[in-house]
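Trainee: Please take one part of this model and go through it closely. After that, I would like to see how the rest of the chain can be read in the same way.

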Amino acid sequence: MRVNMESKKTSLFNLHQKYEAKFVEFAGYKMPIQYKDGIINEHKFTRTKSGVFDVSHMGQLSIEGRADLILALEKIIPTDLKNIKRNQSKYSFLTNENGGIYDDLIVTKVERGFNIILNAACKDNDYKIIKNAFGGKFKLTLHEDLSLIALQGPKSSKILEQTINGVSSLKFMNGNKFSYNGKEVYVTRSGYTGEDGFEISIANELVEDFAKKLINEGAQLIGLGARDTLRLEAGLCLYGHDIDESTNPIEANLKWAISKRRRVEGGFAGYNKIKSDINGNLTRLRVGVKPEGKIIAREGVKIFSEDNKEIGSITSGTFGPSVNGPIAMGYVKLNFSKLGTKVLLEVRGKKHNATISELPFYKKNYVR
(Lines give C-alpha, C1' and ligand atoms only; values in the text may rest on other atoms or scores of the structure.)
Protein backbone atom coordinates (compact mmCIF):
# COMPACT_ATOMS: atom_id res chain seq x y z
CA MET A 1 0.00 0.00 0.00
CA ARG A 2 1.41 3.40 -0.95
CA VAL A 3 1.93 5.98 1.78
CA ASN A 4 1.10 9.64 1.23
CA MET A 5 4.36 11.57 1.55
CA GLU A 6 2.50 14.34 3.39
CA SER A 7 1.43 11.97 6.16
CA LYS A 8 2.53 12.76 9.68
CA LYS A 9 5.19 10.70 11.39
CA THR A 10 5.38 9.70 15.04
CA SER A 11 8.59 10.22 16.99
CA LEU A 12 9.35 6.51 16.59
CA PHE A 13 9.30 6.57 12.78
CA ASN A 14 13.08 6.12 12.45
CA LEU A 15 13.02 3.20 14.91
CA HIS A 16 10.23 1.55 12.90
CA GLN A 17 12.35 1.89 9.78
CA LYS A 18 15.37 0.38 11.56
CA TYR A 19 13.28 -2.69 12.39
CA GLU A 20 12.10 -3.00 8.76
CA ALA A 21 8.49 -2.01 9.28
CA LYS A 22 5.99 -2.04 6.43
CA PHE A 23 4.03 1.20 6.58
CA VAL A 24 0.45 2.17 5.80
CA GLU A 25 -1.35 5.47 6.02
CA PHE A 26 -3.70 5.47 8.99
CA ALA A 27 -5.62 8.52 10.24
CA GLY A 28 -3.16 10.79 8.44
CA TYR A 29 -0.03 9.11 9.86
CA LYS A 30 2.61 6.77 8.49
CA MET A 31 2.13 3.79 10.77
CA PRO A 32 3.78 0.34 10.91
CA ILE A 33 1.35 -2.39 9.85
CA GLN A 34 3.88 -5.18 10.51
CA TYR A 35 7.58 -6.00 10.79
CA LYS A 36 9.70 -8.71 9.16
CA ASP A 37 8.34 -11.55 11.37
CA GLY A 38 4.78 -10.98 10.14
CA ILE A 39 1.41 -10.39 11.79
CA ILE A 40 0.79 -13.92 13.13
CA ASN A 41 4.19 -14.14 14.82
CA GLU A 42 3.76 -10.65 16.29
CA HIS A 43 0.31 -11.63 17.58
CA LYS A 44 1.65 -14.77 19.27
CA PHE A 45 4.64 -12.91 20.72
CA THR A 46 2.28 -10.44 22.40
CA ARG A 47 0.11 -13.22 23.82
CA THR A 48 3.10 -15.06 25.30
CA LYS A 49 5.67 -12.33 26.00
CA SER A 50 5.39 -8.56 25.52
CA GLY A 51 4.75 -6.30 22.54
CA VAL A 52 5.52 -2.60 22.12
CA PHE A 53 2.87 -0.66 20.18
CA ASP A 54 3.41 2.89 18.97
CA VAL A 55 0.01 4.52 19.40
CA SER A 56 1.27 8.09 19.36
CA HIS A 57 -1.15 8.95 16.56
CA MET A 58 -3.97 8.86 19.10
CA GLY A 59 -5.07 12.06 20.80
CA GLN A 60 -4.02 12.92 24.35
CA LEU A 61 -6.37 15.60 25.64
CA SER A 62 -6.05 17.23 29.05
CA ILE A 63 -8.85 19.30 30.57
CA GLU A 64 -8.21 21.43 33.64
CA GLY A 65 -10.99 22.46 36.03
CA ARG A 66 -12.59 21.80 39.41
CA ALA A 67 -16.06 20.62 40.53
CA ASP A 68 -17.94 22.42 37.74
CA LEU A 69 -15.81 20.55 35.19
CA ILE A 70 -17.43 17.27 36.26
CA LEU A 71 -20.90 18.72 35.72
CA ALA A 72 -19.92 19.97 32.28
CA LEU A 73 -18.29 16.68 31.21
CA GLU A 74 -21.26 14.60 32.37
CA LYS A 75 -23.40 16.45 29.82
CA ILE A 76 -21.44 14.90 26.96
CA ILE A 77 -19.92 11.74 28.50
CA PRO A 78 -22.25 9.11 30.13
CA THR A 79 -19.78 8.10 32.86
CA ASP A 80 -20.23 8.59 36.61
CA LEU A 81 -17.46 11.16 36.91
CA LYS A 82 -18.68 12.29 40.34
CA ASN A 83 -17.56 9.02 41.90
CA ILE A 84 -14.45 8.29 39.87
CA LYS A 85 -11.31 8.22 42.01
CA ARG A 86 -8.14 10.14 41.25
CA ASN A 87 -5.92 8.22 38.80
CA GLN A 88 -8.78 5.85 37.95
CA SER A 89 -9.62 5.31 34.27
CA LYS A 90 -12.99 4.53 32.68
CA TYR A 91 -13.96 3.41 29.19
CA SER A 92 -16.66 5.72 27.85
CA PHE A 93 -18.06 7.59 24.85
CA LEU A 94 -18.68 10.98 23.38
CA THR A 95 -22.31 10.73 22.29
CA ASN A 96 -24.42 12.74 19.86
CA GLU A 97 -28.04 13.85 20.23
CA ASN A 98 -29.31 10.58 18.69
CA GLY A 99 -27.28 8.43 21.07
CA GLY A 100 -24.69 7.67 18.39
CA ILE A 101 -21.01 7.50 19.23
CA TYR A 102 -18.75 10.35 18.07
CA ASP A 103 -15.86 8.44 19.62
CA ASP A 104 -15.03 5.93 22.32
CA LEU A 105 -12.60 7.15 24.96
CA ILE A 106 -10.50 6.34 27.97
CA VAL A 107 -11.14 8.98 30.65
CA THR A 108 -8.75 9.31 33.59
CA LYS A 109 -9.23 11.60 36.57
CA VAL A 110 -6.02 13.43 37.47
CA GLU A 111 -5.03 16.10 39.95
CA ARG A 112 -6.14 19.15 37.96
CA GLY A 113 -8.97 17.61 35.94
CA PHE A 114 -9.14 14.81 33.40
CA ASN A 115 -6.95 13.20 30.76
CA ILE A 116 -8.80 11.68 27.80
CA ILE A 117 -7.40 9.36 25.13
CA LEU A 118 -9.08 9.96 21.75
CA ASN A 119 -9.04 7.86 18.60
CA ALA A 120 -6.63 9.17 15.97
CA ALA A 121 -9.19 9.74 13.23
CA CYS A 122 -11.59 11.46 15.63
CA LYS A 123 -9.32 13.59 17.81
CA ASP A 124 -9.63 16.90 15.97
CA ASN A 125 -13.42 16.67 15.76
CA ASP A 126 -13.61 15.51 19.40
CA TYR A 127 -11.61 18.55 20.47
CA LYS A 128 -14.05 20.88 18.66
CA ILE A 129 -17.09 19.14 20.15
CA ILE A 130 -15.75 19.31 23.69
CA LYS A 131 -14.51 22.88 23.32
CA ASN A 132 -17.88 24.04 21.96
CA ALA A 133 -19.70 22.24 24.78
CA PHE A 134 -17.59 24.07 27.37
CA GLY A 135 -17.90 27.47 25.75
CA GLY A 136 -14.32 28.38 26.61
CA LYS A 137 -14.81 27.80 30.32
CA PHE A 138 -12.00 25.27 30.84
CA LYS A 139 -8.44 24.86 29.61
CA LEU A 140 -8.16 22.20 26.91
CA THR A 141 -4.81 20.97 25.57
CA LEU A 142 -4.43 18.43 22.76
CA HIS A 143 -0.82 17.43 23.32
CA GLU A 144 1.44 17.28 20.29
CA ASP A 145 4.50 17.14 22.56
CA LEU A 146 3.64 13.70 23.96
CA SER A 147 3.96 10.21 22.54
CA LEU A 148 1.90 7.20 23.64
CA ILE A 149 3.34 3.70 23.95
CA ALA A 150 1.36 0.54 24.73
CA LEU A 151 3.25 -2.36 26.27
CA GLN A 152 1.07 -5.48 26.16
CA GLY A 153 1.47 -9.12 27.15
CA PRO A 154 2.10 -11.35 30.18
CA LYS A 155 5.76 -10.25 30.53
CA SER A 156 4.91 -6.53 30.38
CA SER A 157 4.87 -5.83 34.11
CA LYS A 158 8.28 -7.38 34.66
CA ILE A 159 9.79 -5.60 31.65
CA LEU A 160 8.36 -2.18 32.46
CA GLU A 161 9.35 -2.44 36.13
CA GLN A 162 12.99 -2.71 34.99
CA THR A 163 12.61 0.64 33.24
CA ILE A 164 10.13 2.55 35.44
CA ASN A 165 10.28 1.54 39.09
CA GLY A 166 6.93 1.08 40.85
CA VAL A 167 4.59 0.47 37.89
CA SER A 168 3.95 -3.16 38.79
CA SER A 169 1.88 -2.00 41.79
CA LEU A 170 -0.77 -0.44 39.52
CA LYS A 171 -4.14 -2.17 39.21
CA PHE A 172 -6.15 -2.54 36.01
CA MET A 173 -7.60 0.77 34.75
CA ASN A 174 -5.58 2.81 37.23
CA GLY A 175 -2.59 5.05 36.61
CA ASN A 176 -0.11 7.43 38.19
CA LYS A 177 2.82 9.74 37.59
CA PHE A 178 6.28 8.16 37.47
CA SER A 179 9.79 9.27 36.59
CA TYR A 180 11.89 8.27 33.57
CA ASN A 181 15.33 9.84 33.03
CA GLY A 182 14.37 12.57 35.45
CA LYS A 183 11.21 13.49 33.49
CA GLU A 184 7.60 12.89 34.43
CA VAL A 185 5.66 10.18 32.59
CA TYR A 186 2.08 9.05 33.16
CA VAL A 187 1.40 5.30 33.14
CA THR A 188 -1.94 3.49 33.19
CA ARG A 189 -2.44 -0.26 33.47
CA SER A 190 -4.66 -0.70 30.44
CA GLY A 191 -4.58 -1.62 26.77
CA TYR A 192 -6.32 -2.95 23.71
CA THR A 193 -5.29 -6.59 23.37
CA GLY A 194 -7.01 -8.47 26.21
CA GLU A 195 -3.64 -9.00 27.89
CA ASP A 196 -2.12 -7.40 30.96
CA GLY A 197 -0.32 -4.26 29.90
CA PHE A 198 0.36 -0.57 30.23
CA GLU A 199 0.02 2.65 28.29
CA ILE A 200 2.78 5.19 28.81
CA SER A 201 2.44 8.90 27.99
CA ILE A 202 5.96 10.22 27.50
CA ALA A 203 7.67 13.26 25.99
CA ASN A 204 8.50 12.98 22.29
CA GLU A 205 12.21 13.53 22.89
CA LEU A 206 12.38 10.58 25.32
CA VAL A 207 10.27 8.02 23.53
CA GLU A 208 12.87 6.47 21.21
CA ASP A 209 15.31 5.85 24.05
CA PHE A 210 12.44 4.48 26.14
CA ALA A 211 11.27 2.08 23.41
CA LYS A 212 14.83 0.83 22.89
CA LYS A 213 15.11 0.00 26.59
CA LEU A 214 11.88 -1.98 26.48
CA ILE A 215 13.21 -3.92 23.49
CA ASN A 216 16.49 -4.55 25.26
CA GLU A 217 14.53 -5.98 28.20
CA GLY A 218 12.84 -8.51 25.92
CA ALA A 219 9.86 -6.72 24.35
CA GLN A 220 9.32 -6.57 20.59
CA LEU A 221 7.83 -3.94 18.28
CA ILE A 222 4.34 -4.90 17.08
CA GLY A 223 2.39 -3.33 14.21
CA LEU A 224 -1.21 -2.33 13.63
CA GLY A 225 -1.99 -5.63 11.89
CA ALA A 226 -1.46 -7.71 15.02
CA ARG A 227 -3.10 -4.99 17.12
CA ASP A 228 -6.26 -5.59 15.10
CA THR A 229 -6.23 -9.40 15.40
CA LEU A 230 -5.50 -9.15 19.13
CA ARG A 231 -8.33 -6.72 19.85
CA LEU A 232 -10.82 -8.72 17.77
CA GLU A 233 -10.02 -11.92 19.68
CA ALA A 234 -10.64 -9.90 22.85
CA GLY A 235 -14.03 -8.72 21.51
CA LEU A 236 -13.01 -5.04 21.55
CA CYS A 237 -14.58 -2.54 19.16
CA LEU A 238 -12.70 -0.61 16.49
CA TYR A 239 -14.12 2.87 15.97
CA GLY A 240 -15.35 3.51 12.45
CA HIS A 241 -16.06 -0.20 11.95
CA ASP A 242 -17.87 -1.78 14.92
CA ILE A 243 -19.11 1.53 16.34
CA ASP A 244 -19.69 4.96 14.83
CA GLU A 245 -22.13 7.89 14.87
CA SER A 246 -24.95 5.62 13.67
CA THR A 247 -24.59 3.10 16.52
CA ASN A 248 -25.39 3.66 20.18
CA PRO A 249 -23.73 1.93 23.16
CA ILE A 250 -26.71 -0.32 23.91
CA GLU A 251 -26.95 -1.94 20.48
CA ALA A 252 -23.14 -2.11 20.48
CA ASN A 253 -23.47 -4.38 23.55
CA LEU A 254 -21.59 -1.81 25.66
CA LYS A 255 -24.29 -0.97 28.21
CA TRP A 256 -21.83 -1.92 30.97
CA ALA A 257 -19.80 1.21 30.13
CA ILE A 258 -22.70 3.50 31.07
CA SER A 259 -22.84 3.71 34.85
CA LYS A 260 -26.08 2.79 36.62
CA ARG A 261 -26.55 6.31 37.97
CA ARG A 262 -26.28 7.81 34.51
CA ARG A 263 -28.71 5.25 33.05
CA VAL A 264 -31.30 6.43 35.56
CA GLU A 265 -30.55 10.16 35.76
CA GLY A 266 -29.50 10.77 32.16
CA GLY A 267 -28.53 14.36 31.46
CA PHE A 268 -26.17 13.55 28.57
CA ALA A 269 -26.51 13.83 24.79
CA GLY A 270 -28.63 11.05 23.27
CA TYR A 271 -30.02 9.85 26.59
CA ASN A 272 -33.63 9.50 25.36
CA LYS A 273 -32.64 7.08 22.57
CA ILE A 274 -30.30 5.15 24.84
CA LYS A 275 -32.94 4.91 27.58
CA SER A 276 -35.50 3.71 25.03
CA ASP A 277 -33.21 0.87 23.94
CA ILE A 278 -32.45 -0.06 27.55
CA ASN A 279 -36.20 -0.21 28.23
CA GLY A 280 -36.93 -2.79 25.55
CA ASN A 281 -36.98 -1.00 22.20
CA LEU A 282 -33.65 -2.43 21.03
CA THR A 283 -33.84 -3.82 17.48
CA ARG A 284 -30.30 -5.07 16.83
CA LEU A 285 -27.22 -6.13 18.78
CA ARG A 286 -23.49 -6.51 18.23
CA VAL A 287 -22.55 -10.17 18.53
CA GLY A 288 -19.65 -12.52 18.00
CA VAL A 289 -19.78 -14.72 14.92
CA LYS A 290 -17.76 -17.91 14.35
CA PRO A 291 -17.68 -19.10 10.73
CA GLU A 292 -17.40 -22.82 10.16
CA GLY A 293 -14.35 -24.12 8.33
CA LYS A 294 -11.69 -21.68 7.15
CA ILE A 295 -13.79 -18.96 5.52
CA ILE A 296 -12.89 -15.38 6.59
CA ALA A 297 -15.86 -13.01 6.76
CA ARG A 298 -14.62 -9.43 6.37
CA GLU A 299 -16.38 -6.17 7.08
CA GLY A 300 -19.50 -5.73 4.97
CA VAL A 301 -20.31 -9.43 4.61
CA LYS A 302 -24.07 -9.93 4.88
CA ILE A 303 -25.56 -12.20 7.54
CA PHE A 304 -28.61 -14.32 6.75
CA SER A 305 -30.94 -16.52 8.77
CA GLU A 306 -31.10 -20.23 7.97
CA ASP A 307 -34.16 -19.52 5.80
CA ASN A 308 -32.17 -16.99 3.76
CA LYS A 309 -33.56 -13.74 5.19
CA GLU A 310 -31.00 -10.94 5.58
CA ILE A 311 -30.59 -10.18 9.31
CA GLY A 312 -27.39 -8.14 9.62
CA SER A 313 -23.79 -7.65 8.54
CA ILE A 314 -20.21 -8.22 9.68
CA THR A 315 -18.25 -5.21 10.96
CA SER A 316 -14.90 -6.90 11.70
CA GLY A 317 -13.51 -10.28 10.70
CA THR A 318 -10.14 -12.03 10.59
CA PHE A 319 -8.24 -15.22 11.37
CA GLY A 320 -7.62 -15.50 15.11
CA PRO A 321 -4.13 -16.92 15.67
CA SER A 322 -4.76 -17.64 19.38
CA VAL A 323 -8.01 -19.49 18.70
CA ASN A 324 -6.71 -21.04 15.45
CA GLY A 325 -9.72 -20.18 13.36
CA PRO A 326 -11.80 -17.45 11.74
CA ILE A 327 -13.65 -14.99 13.98
CA ALA A 328 -15.91 -12.01 13.36
CA MET A 329 -18.21 -9.45 14.94
CA GLY A 330 -21.28 -7.81 13.53
CA TYR A 331 -24.83 -6.64 14.11
CA VAL A 332 -27.90 -8.87 13.80
CA LYS A 333 -31.60 -8.36 14.45
CA LEU A 334 -32.26 -8.85 18.14
CA ASN A 335 -34.26 -12.07 17.78
CA PHE A 336 -31.22 -13.72 16.10
CA SER A 337 -28.68 -12.62 18.75
CA LYS A 338 -29.02 -15.62 21.08
CA LEU A 339 -25.80 -17.57 21.59
CA GLY A 340 -25.68 -20.69 19.45
CA THR A 341 -28.03 -19.37 16.75
CA LYS A 342 -27.11 -20.78 13.34
CA VAL A 343 -26.66 -18.19 10.58
CA LEU A 344 -25.31 -17.93 7.03
CA LEU A 345 -22.55 -15.61 5.77
CA GLU A 346 -22.46 -14.52 2.14
CA VAL A 347 -18.81 -14.47 1.07
CA ARG A 348 -17.96 -13.98 -2.61
CA GLY A 349 -21.46 -14.90 -3.66
CA LYS A 350 -21.69 -18.13 -1.68
CA LYS A 351 -23.41 -18.87 1.64
CA HIS A 352 -21.35 -20.37 4.46
CA ASN A 353 -22.44 -21.72 7.84
CA ALA A 354 -21.65 -19.79 11.03
CA THR A 355 -22.81 -19.54 14.64
CA ILE A 356 -23.57 -16.60 16.93
CA SER A 357 -20.78 -16.83 19.49
CA GLU A 358 -19.94 -15.50 22.93
CA LEU A 359 -17.55 -12.55 23.18
CA PRO A 360 -14.66 -12.42 23.76
CA PHE A 361 -13.25 -15.25 21.68
CA TYR A 362 -10.11 -15.23 23.83
CA LYS A 363 -10.11 -15.05 27.63
CA LYS A 364 -8.89 -11.67 28.86
CA ASN A 365 -5.93 -11.65 31.21
CA TYR A 366 -6.21 -8.31 32.97
CA VAL A 367 -4.70 -7.78 36.44
CA ARG A 368 -7.60 -6.67 38.63
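In which sense do S4 and strand S14 (residues 220–221) pair, and over how many bridges?

Mentor: The model is a predicted one. In it, S4 and S14 are parallel, and two bridges hold the pairing. Valine 52 of S4 faces leucine 221 in S14 across this pairing. S4 has another partner: strand S10 (residues 146–152) runs antiparallel to S4 and is joined to it by four bridges. There, phenylalanine 53 stands opposite alanine 150 of S10.

The side chains of S4 can be read next. In a regular strand, side chains alternate between the two faces of the sheet. Strand S4 (residues 51–54) is covered on both faces, with Gly51 and Phe53 buried on one side and Val52 and Asp54 buried on the other.

Leu221, the partner of valine 52 in S14, also belongs to a nonpolar core of 30 residues, whose members include Ile200, Ile202 and Ala203. In soluble globular proteins, nonpolar side chains tend to be buried together. The largest nonpolar core has 33 residues, and those touching the most other members are Phe93, Ile243, Leu254, Val289, Ile303, Ile314 and Leu345. Among the elements that give two or more residues to this core are strand S6 (89–95), helix H9 (271–281), strand S15 (284–291) and S20. The core of 30 residues lies apart from it. Isoleucine 303 shows what such contacts look like: leaving aside residues up to four places away in sequence, its contacts include Ile311, Ile314, Tyr331, Val332, Val343 and Leu345.

Tyr331 also takes part in a charge–ring arrangement, with arginine 284 over its face at 4.3 Å from the ring centre. A second case is arginine 47, whose charged end sits over the ring of tyrosine 362, 3.8 Å from the centre.

Phe93 likewise has a further role, as ring pairs link it with Tyr91 and Trp256 into a cluster. The structure holds seven aromatic pairs. Phenylalanine 134 and phenylalanine 138 form an edge-to-face pair, because their planes are at 80° with the ring centres 5.0 Å apart. Phenylalanine 134 has a relative accessible area of 7% and is buried; phenylalanine 138, at 11%, is buried as well.

Phenylalanine 172 and tyrosine 366 make a stacked pair, with 4.1 Å from centre to centre and 10° between the planes. Phenylalanine 172 is in the loop between helix H5 (156–163) and strand S11 (175–180), and tyrosine 366 is in the segment after strand S20 (350–357), so this pair ties together parts 194 residues apart in sequence. Phenylalanine 172 counts as buried at 18% relative accessibility, and tyrosine 366 is buried at 17%.

Another sheet is worth setting beside S4. An open sheet of three strands, with mixed pairing, follows the order S1-S3-S2. Strand S1 (8–9) and strand S2 (22–26) are its edges, each pairing on one side only. S2 and strand S3 (residues 29–34) run antiparallel and are joined by five bridges, and glutamate 25 has lysine 30 in S3 as its bridge partner. Helix H7 (residues 224–233) packs on this sheet, touching S2 and S3, and its direction makes about 65° with that of S3.

Technical notes: Residues numbered from 1 in each chain as written. Predicted model: local features only at pLDDT ≥ 70, side-chain atom pairs only at ≥ 80, totals over all residues. Heavy atoms only, no water. Pairing = 2+ DSSP bridges. Contact = heavy atoms within 4.5 Å. Axes fitted to C-alpha atoms, helices over the stretch in contact; angles between N-to-C directions. Phe/Tyr/Trp six-rings, centres within 6.5 Å; stacked < 30°, edge-to-face > 60°. Buried < 20%, exposed > 50% of the residue type's maximum accessible area, 1.4 Å probe, protein only. Lys NZ or Arg CZ within 6 Å of the ring centre and 35° of its normal. Core = buried A, V, L, I, M, F, W, Y, C linked by side-chain atoms within 4.5 Å.
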